[in-house]
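The exercises below concern strands, helices and charged side chains. Work through each task with the structure open before reading its solution.

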2 protein chains.
Amino acid sequence: MIKIVGIGPRREDMTIMASQTLKEAEVVIGYGGYIKQIKDLLEGKNVISLGMGQEVNRAELAIDYDKKGYKVVLVSSGDPGVYGMANVLHQVMGKYSGLEIEVIPGVSAVTYSAALLGAPLHDFAVISLSDILTPIVEIKRKIRAAAEADFILAFYNPRSKRRTQPFKEALKILFEVRSPETLVGIVKTRDDSSSVRIVSLSSIEENDVDMNTTIIVGNKFTYLDDGKMITPRGYVLPHSTHPLASEFYESYMAGEGVEGSNTACEYYPCHNHPQNCTFCFCPFYPCGDSSTGGRWIKEKQVWSCEGCTWIHQDDTVECIQAKLPQLLKKVADLQDNKKELLKLRRECVFLTK
Amino acid sequence: MIKIVGIGPRREDMTIMASQTLKEAEVVIGYGGYIKQIKDLLEGKNVISLGMGQEVNRAELAIDYDKKGYKVVLVSSGDPGVYGMANVLHQVMGKYSGLEIEVIPGVSAVTYSAALLGAPLHDFAVISLSDILTPIVEIKRKIRAAAEADFILAFYNPRSKRRTQPFKEALKILFEVRSPETLVGIVKTRDDSSSVRIVSLSSIEENDVDMNTTIIVGNKFTYLDDGKMITPRGYVLPHSTHPLASEFYESYMAGEGVEGSNTACEYYPCHNHPQNCTFCFCPFYPCGDSSTGGRWIKEKQVWSCEGCTWIHQDDTVECIQAKLPQLLKKVADLQDNKKELLKLRRECVFLTK
C-alpha cells in the first residue's frame with residue numbers, strides 16, 4: 001500500500017493521521033522543500049527528494065518501492081488531492097496491477113489562507129493559474145465563469161518569476177467583471193510562517209504576488225471589519241421592530257407610502273440627492289452586513305444604516321418591490337419572515353451592486 | 001481571544017493545532033453532534049451544546065465567555081470557514097470592540113471526500129445546496145456557471161428530509177449541461193466512518209443522498225480506474241516515438257497525409273465506420289488519460305487506444321488541425337513539445353466531448 005500524505009501548510013496544521021502515517025513509513029518520497037519541512041519526523045527512514053517537474057518519477061519510484069515490499073509514503077504539501085501528488089500517482093497506477101493507494105487528506109491552502117484572513121469564504125471556486133499543464137484559454141474560461149456567477153475565487157500558483165501572464169489575464173477578467181472595490185486577500189507562506197494583506201482589486205500590485213502566494217477574491221458581500229475579510233452568510237440577527245418602522249410599514253402595505261424621492265420630507269435628503277425614499281425604513285434591518293455600507297455602533301450595539309445608500313437606489317427599490325408583497329403581508333413578517341427577506345436582499349444585491 | 005476550531009470530518013483527521021487548542025480550552029461551545037465526536041477531549045471543561053439554527057446564539061455566548069476572561073473555543077466540523085462558525089462569529093463580532101478571533105483550519109469535506117474517492121479534483125467549485133440562507137436562484141446560477149465551465153463540482157448539504165428541491169434543481173442543470181456519463185462520487189459520513197459510491201450522472205438515485213453526504217461531480221476528463229475516481233492533470237508520461245508513427249508524421253508534415261476516412265486502408269475501419277483517419281497515429285500518444293477511452297494493458301505497461309474513438313471524430317480532427325502546425329514542426333516535437341500538445345488535447349476535449 002502506498003500512502004500519499006498531505007502535510008498541510010505548516011507543521012501544526014498537520015493531521016494526527018498524517019503524522020502517524022509518516023512515523024510508520026519506511027520510504028518517504030517528496031519534493032525537497034516539503035521534505036525539509038518535516039525532516040525531524042524522518043530519522044532512520046529512506047528519504048528521497050526529487051525536484052519540481054519530477055512528479056511522474058516520484059510516482060514511479062513510489063510504486064517501485066511498494067512492489068519491493070516497503071511501506072512507502074509520498075509527501076504533498078497542503079492536501080494531496082488539490083494540485084498535489086494524488087492525481088499523478090492515480091494516473092500512473094493504471095499501468096500496474098494490484099496496487100493499493102490511500103490518500104491522507106490535509107489542510108489545503110484555500111482554507112488555511114481563509115482562516116488567516118478572517119472568514120472570506122462562501123461558495124468558492126479554486127483555480128490554479130499555472131498554465132504549464134493547462135491551456136490559458138481554459139484558465140480564463142473558468143475565471144470568467146466563476147467571477148460572473150459571484151463565487152469567491154481562490155487562486156493557487158498565481159505567479160512565478162517566469163510565469164507572469166496568467167495572473168495578468170486573471171486581473172484583466174476581474175477588472176471587467178467585478179467592481180474595483182472587490183476585496184482581495186493575499187496570503188504568502190514561507191518556512192512555516194505567513195504574511196497577510198487585504199487590498200481592493202484596484203490596488204493589487206502584481207509584484208506582491210509570487211509562487212508562495214494564495215489569492216482569495218471576495219464576492220459582492222465581502223467586507224472588511226477590524227482588519228478581517230468577512231463574507232456574511234445571511235444569518236438573522238436578533239432584533240425588535242422599531243415603532244416608527246411598524247408605523248411606516250402599516251402605511252406602506254396600505255398603499256400609502258411615498259415612491260421615489262420624498263423631497264417634502266423634513267429630513268430629505270438624509271443620504272444624498274437624488275435618493276429613492278420608497279424604503280425610508282429598510283425591510284432588511286438589521287442586515288448586519290457591511291457590504292452595503294451599514295455598520296455597528298459598537299458602544300451601543302446598534303446597527304447604523306447611515307453609510308448605506310444601496311436601499312435608496314432606483315434599481316434596488318425596483319428589485320425589492322417585485323417580490324416584497326409575497327413576503328411581507330403584515331408588519332410581524334418583518335420579523336417572522338426575516339430569513340426570506342434576507343434572501344431577497346441577496347438576490348437584489350447581486351443584481352444591483 | 002476566541003478560537004474557532006475545525007475538528008475535521010473524523011477524529012484522526014484533526015490537526016495537531018486543533019487538538020492542542022481544545023486541550024487548552026476552558027469553555028467549549030458547539031453543535032451537539034460535533035461535541036459528541038470529541039467528548040473524550042473535553043473532560044473538566046465547561047461544555048455547551050446548542051442545536052442547529054442556534055449559530056448566532058453560539059457566537060454571542062462565545063463572546064460572552066470571552067469577555068468574562070475564559071479561554072473559549074467554538075467548535076465546527078470540517079473547516080470552520082467553509083459553511084462553518086467562522087463567518088457567523090466574525091459577523092457578530094462587529095457589534096463589539098476589542099475582540100480577538102483566531103480560526104484554526106481543518107480538513108474540509110471536499111478534500112476528505114476526494115481522498116476517499118481517489119483523486120477526482122482539478123479546478124473545483126464548492127457550492128452549498130442549502131437554500132435556508134441562500135436564494136435558490138443564486139444556487140442555480142452558480143451550479144450552471146461552474147458546470148458550463150467544466151469545473152469539478154462539490155456539493156455540501158445536498159439534501160435533507162425536508163429540503164429536497166435544490167438537489168432536484170442541481171440534477172436538472174447537470175443533465176442539461178453535462179454528459180449523462182459524467183462521474184459522480186457520493187460520500188456519506190456518519191459517526192467517524194464513511195461509505196463511498198461512484199456512479200454516472202444518469203444513475204444517481206436521489207434517495208441515496210442525505211445531509212451527511214458530500215457529492216463530487218467530475219469534469220470531462222474524470223475517469224474510473226480500479227474503483228477510483230481520477231481526474232488527470234495532464235502530466236507527460238515517459239515514452240518513445242514508434243518508428244511507424246515517425247514515418248506517419250513525416251508524411252503528414254509533408255502534406256501527404258490522408259484526410260477523412262481512409263477506406264483504402266487494409267485495416268479500415270479499425271474502430272468503426274465512418275471514422276476520420278487524419279490522425280491514424282495520435283499526436284498525443286500516450287495521453288494516459290482514460291477519459292477518451294484509452295487504457296493501459298497492465299501486463300505490458302503499454303497504452304492501448306483501441307477504446308478511443310475521440311481522435312477519429314471530425315470535430316476533433318478539425319480542432320486539432322487548427323493549432324497543430326504551430327506545435328509540430330518536426331517529428332521530434334512529438335516528444336519535445338509534448339506538454340503543449342497535451343494542452344491542445346485538453347482544449348479539444350472540452351470543445352468536442
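**Exercise 1.** Determine the strand order of the five-stranded open sheet in chain A.

*Solution.* Step 1: the order is β3-β2-β4-β1-β5 in chain A, and the pairing is parallel. Strands here are DSSP runs (E, at least two residues), helices likewise (H or I, at least four residues), both numbered from the N terminus; two strands pair if DSSP finds at least two bridges between them.
Step 2: β3 (46–49) and β5 (101–104) of chain A are the edge strands, each pairing on one side only.
Step 3: from one strand to the next, the twist averages 20°.
Step 4: for one pair in detail, take strand β2 (residues 27–30) of chain A, which pairs with β3(A) in the parallel sense over four bridges. There A:Ile29 is opposite A:Ile48 of β3(A).

The model is predicted: local features need pLDDT of at least 70 and side-chain atom pairs count only at pLDDT 80 or more, while totals for chains, interfaces and linings use all residues. Residues are numbered from 1 along each chain as its sequence is written, chains are lettered from A and ligands numbered from 1 in the order in which they are written, and side-chain values use heavy atoms, leaving out hydrogens and water.

**Exercise 2.** Place helix α1 against the strands, in chain A and then in chain B.

*Solution.* Step 1: in chain A, helix α1 (residues 16–24) lies across β1 (2–6), β2, β4 (72–76) and β5, and runs at about 135° to β1(A). Axes are lines fitted to C-alpha atoms, for helices over the stretch in contact, and angles run from 0 to 180 degrees between N-to-C directions.
Step 2: in chain B, the buried residues of helix α1 (residues 16–24) are B:Met17, B:Ala18, B:Ser19, B:Thr21 and B:Leu22. Buried means under 20% relative accessible area, exposed over 50%, and partly exposed in between (1.4 Å probe, protein chains only).
Step 3: these buried residues of α1(B) pack against β1 (2–6), β2 (27–30), β4 (72–76) and β5 (101–104) of chain B, where contact means heavy atoms within 4.5 Å.

**Exercise 3.** Which strands stand at the edges of the three-stranded open sheet of chain B?

*Solution.* Step 1: the order is β6-β13-β12 in chain B, with mixed pairing.
Step 2: β6 (118–119) and β12 (223–225) of chain B are at the edges; each has a single partner strand, so one side of each lacks a neighbour in the sheet.
Step 3: β6(B) pairs with strand β13 (residues 228–230) of chain B in the parallel sense over two bridges, and B:Gly118 is opposite B:Met229 in β13(B).

**Exercise 4.** Locate the salt bridges of A:Glu138, A:Asp150 and B:Glu138.

*Solution.* Step 1: a salt bridge is a side-chain nitrogen of Lys or Arg within 4 Å of a carboxyl oxygen of Asp or Glu. The whole structure holds 40 of them over all chains.
Step 2: A:Glu138 bridges to A:Lys142 at 2.7 Å, N to O. Both residues are in helix α6 (residues 136–148) of chain A, four residues apart, about one turn of the helix, and both are buried.
Step 3: A:Asp150 bridges to A:Arg178, with the closest N and O atoms 3.7 Å apart. This pair links distant parts of the chain, 28 residues apart: A:Asp150 is in the loop between α6 and β8 (152–156) of chain A, A:Arg178 in the loop between α7 (165–177) and β9 (183–190) of chain A. A:Asp150 counts as buried because its relative accessibility is 3%.
Step 4: B:Glu138 bridges to B:Lys142, with the closest N and O atoms 2.7 Å apart. B:Glu138 is buried, with a relative accessible area of 4%, as is B:Lys142 at 1%. Salt bridges that share partners join A:Asp123, A:Arg346, B:Glu138 and B:Lys142 into one network.
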